[in-house]
Amino acid sequence: MTKKLDYPRDTDNLKEATSYNGWTNYETWNVALWLDNEYFYYSIMMMQSVKNFDDFIKKLQSGVFNNLDANWDWANTTGDGVLWSDPKINVEEINEKILELKS
């Protein structure tokens, strides 16, 4: 039986992957996933004042919000532990996603 992979079909090693489910890498994919699949983050992202990923992070970490349902450091990481500020995140791809969802 052949093992089906969700990221590059030629490797099952995340460190060797050159893309992840159509995104640049795991970190970018994970952030994109949390932005539109977690209502708390989606609500912040859809605020009129949020124009890009940088705006989202600033708003998220502003201290105005409280995510009482979260049992992780929601202001600094996704629920999977990826830092919102991870340098591996392809910010251009995330910005495109935000613009697309808002149009």
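Q: Which residues are buried in helix 4?
A: The model is predicted. A residue is called buried when its relative accessible area is under 20%. In helix 4, the residues that are buried are E93, I94, K97 and I98.

Q: Why do E93, I94, K97 and I98 lie on the same side of helix 4?
A: An α-helix has 3.6 residues a turn, so residues three or four places apart point the same way. The buried residues of helix 4 are E93, I94, K97 and I98. They lie on the same side of helix 4 because the arc they cover around the axis is only 140°.

Q: Which residues are exposed on the other side of helix 4?
A: Exposure requires a relative accessible area over 50%. On the other side of helix 4, the exposed residues are E92, E96, L99 and E100.

Q: Which helices do the buried residues of helix 4 pack against?
A: Contact requires heavy atoms within 4.5 Å. The buried residues of helix 4 pack against helix 1 (26-37), helix 2 (39-45) and helix 3 (53-60).

Q: Is K97 buried or exposed, and with what relative accessible area?
A: K97 lies in helix 4. Leaving aside neighbours within four places in sequence, K97 is in contact with W23, A32 and D36. K97 is buried, and its relative accessible area is 13%.

Q: How far apart are the end C-alpha atoms of helix 4?
A: Helix 4 comprises twelve residues, 91-102. At 1.5 Å a residue, helix 4 should span 16 Å. In agreement with this, its end C-alpha atoms are apart by 16 Å.

Notes
Residues numbered from 1 in each chain as written. Predicted model: local features only at pLDDT ≥ 70, side-chain atom pairs only at ≥ 80, totals over all residues. Heavy atoms only, no water. Helix = DSSP H or I, 4+ residues; strand = E, 2+ residues; numbered from the N terminus. Expected span 1.5 Å × (residues − 1). Buried < 20%, exposed > 50% of the residue type's maximum accessible area, 1.4 Å probe, protein only. Arc of directions from axis to C-beta.
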